[in-house]
Every structure is written in structure tokens, then in C-alpha cells.
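Here's a quick briefing to read with the structure open beside you. Have a look around first, then work through the points below.

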Amino acid sequence: MKLFIITGASGGLGLALSELALSQGDLVIGLSRRSVLKHENFYPLKHDLSRSIGLEKKLDQLLEKLNLRRVKSVHLINNAAGIEPVGLVGKLSTEGIQHQLALNLTAPMMLANYVIKRFKSKAFITNIISGAAVKPISGWSLYCSTKSGLRMFTECLTSEGVKAISFSPGIMDTSMQATIRKQKPKDFDRVNEFKEYKDKDMLLSADEVATLLMSLLNAPDSIKKVHYSVND
Ligand SMILES: NC(=O)c1ccc[n+]([C@@H]2O[C@H](COP(=O)([O-])OP(=O)(O)OC[C@H]3O[C@@H](n4cnc5c(N)ncnc54)[C@H](OP(=O)(O)O)[C@@H]3O)[C@@H](O)[C@H]2O)c1
């Protein structure tokens, strides 16, 4: 049996991954501000991940209550992230910059640190990144930079002997894409292109992406590199 700790378990890819993990008999701790799943093996931990303070204590308290004797591996999936604020550098607020860095980069690093400290060689870290980690996109400087940072963090983890991968899911039909389509062209000049992806039905479903990632995580011996994408 595996224990999954999945951030952003209340929607999009995180919800799809949580449902899959539960359907294969694993335990799931779901971290997000809302909780939508109900299952005997699902343990919601409501927390705003843009504020990591206090999270370790909440995790300690929850883990104490769980029977982990049958757990052979502990998978942290750092999935929660935000795209906003979107806009050109010079027009961003300090609060917005701090928020996106805290959610997209500090929280995943803090959680990886916690899981490795607590579960040592049983820990496996999956960091959900994006094509934007390696491609500059005007208006998305914070998103590109945080995903790029998370990509490098994954490489650093493996250099320290930790089992870790990054996974780039492709463009999925989730609330993050809806947020992208709502941006003003002055903040994000490619907004019409993203509206077209939706109109032309070019988006992947979170369920199909989750199935691909889960099949990779279920076959750890097949993992031979650090960075994976949905196209692999
Ligand atoms: N969608 C795409 O096209 C796309 C493309 C490339 C990469 N990705 C990456 O894939 C991952 C999943 O994206 P998605 O599209 O599934 O996103 P999504 O539908 O917007 O879902 C985001 C999840 O993160 C949680 N979340 C957001 N802010 C939070 C906060 N402050 N504290 C705690 N939880 C928070 C949300 O839960 P609550 O609202 O309940 O807190 C929700 O469960 C992200 O890392 C994203 O960067 C997505």
C-alpha cells in the first residue's frame, strides 16, 4: 500500500490523481483550501499553501492518527499551483509576487523537506511543472520562474539520492485554463491562442493525464530519468 500526499486535491489534476490512488486501494492525504472528496481512505487537510507556517504541525497531528504499518512508500505530489498574478513585470504587486512564489515554490520545497525528513528512503517526490518551466512566456514571469525553480529543485533532490521526478502535464481542461482565458490581452498577449485551444477542443482531460502519471508511479523500476512530460 502507498500513502499519497497530494496538494491541490480538490480540483483538476490533483482531484483526478486522488481518485485514482483511492481506487487502487492506497491512502491519500489531500491538501487544499477546500475539500470535495469523501472516502474512508481519504484524509483532507485544509490549508492555504501560500502560507506554509503551521503546516508541519498539522501534518504531524494527522500522521499520528493514521495506521502506516502497511505503507511501503510515501508519494508526495506537489501539484497545487496558481498562475496569478499574470502581467508584465513592472505592473505586478509585491503581494502578488510573494503569493505566487509561496504557493508554487516555497510550499513544494517545504513539503519535500518534511516528507524526506519523516519517511527517508520510503519517500518519492513528484513535482508537477509545466512547459513554461523551460520557455519564457510574456506575462507569466512568476509562473515560468517558479516552475523552472521547481524543475531545478527536482534535479537537486536526485543529486542528493532522493527518488524524485518532475512531470509536465500538458494543457488540461481545468480551472487554471479558465483563469488563463479570462486574462486581459494587455497582461497576457497570447490569451486568444488559449481561447482557441478550448474552442478547438485541444485540451487534455485531467483524468487522462492522471492515468498516465499514475501508471509511471506504479512502475518505479521503469523510471530512468528526472523530467517527464505527458508526451513521454
Ligand atoms: N491546466 C493546465 O493546462 C496546466 C498546464 C501545465 C501545468 N499545469 C500544472 O498542473 C498542476 C495542476 O493544475 P490544474 O490545472 O489541475 O489546477 P487547478 O484546476 O487550478 O487546481 C488547482 C488546485 O490547487 C489548489 N490550490 C490553489 N491555490 C491553493 C492554495 N493557496 N492553497 C492550497 N491549495 C491551493 C486548488 O484547491 P483549493 O482551491 O481548494 O485550495 C486546486 O485543488 C499545477 O501545478 C499546474 O501548474 C497545469
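What follows covers the ligand shell, one helix and a few backbone oddities.

Keep in mind that this is a predicted model. The ligand has 27 residues around it, and helix α4 runs from residue 141 to 159. A few spots on the backbone also deserve a look, among them a cis peptide bond from Glu 84 to Pro 85.

**Around the ligand**
- Which residues come nearest to the ligand? They are Gly 8, Gly 12, Arg 33, Arg 34 and Thr 174.
- Two helices, α1 (12-23) and α5 (175-181), each put at least two residues into the shell.
- By type, the shell residues split into 13 polar, 11 nonpolar and 3 charged.

**Helix α4**
- The length checks out: 19 residues at 1.5 Å a residue should span 27 Å, and the end C-alpha atoms of α4 are indeed 27 Å apart.
- The buried residues in α4 are Leu 142, Tyr 143, Thr 146, Lys 147, Leu 150, Thr 154 and Leu 157. Because these residues cover an arc of only 125° around the axis, they sit on the same side of α4.
- What covers that buried set? The cover includes α3, β5 and β6 (163-168).
- Flip to the face of α4 turned away from the buried side and you'll find Glu 155, Cys 156 and Ser 159, which are exposed.
- After α4 comes Gly 161, with a positive phi near 85°.

**Backbone oddities**
- As background, most peptide bonds are trans, and most residues other than glycine have a negative phi.
- The bond from Glu 84 to Pro 85 is cis, with omega near 5°. Pro 85 belongs to the loop between β4 (73-78) and α3 (94-119).
- Lys 120 isn't a glycine, yet its phi is positive, at about 45°. You'll find Lys 120 in the loop between α3 and β5 (123-128).
- Is Lys 120 buried or exposed? Lys 120 counts as exposed because it has 10 C-beta neighbours inside 10 Å, and the cut-off for exposed is 12 or fewer.
- Asp 201 is another residue other than glycine with a positive phi, near 60°. Its place is in the loop between α6 (191-199) and α7 (206-217).
- Asp 201 has 7 other C-beta atoms within 10 Å, so this residue is exposed.

Definitions and conventions. Residues are numbered from 1 along each chain as its sequence is written. This is a predicted model: local features need pLDDT of at least 70, side-chain atom pairs count only at pLDDT 80 or more; totals for chains, interfaces and linings use all residues. Helices (H or I, at least four residues) and strands (E, at least two) are DSSP runs, numbered from the N terminus. A residue is buried if 20 or more other C-beta atoms lie within 10 Å of its own, exposed if 12 or fewer, and partly exposed in between; C-beta atoms are placed from the backbone. A residue is near a molecule or strand if its C-beta atom, placed from the backbone, lies within 6 Å of it. Ala, Val, Leu, Ile, Met, Phe, Trp, Tyr, Cys and Pro count as nonpolar, Asp, Glu, Lys and Arg as charged, and the others, Gly among them, as polar. The expected span of a helix is 1.5 Å times one less than its number of residues. The arc is that of the directions from the helix axis to the C-beta atoms. Two residues are in contact if their C-beta atoms, placed from the backbone, lie within 7 Å.
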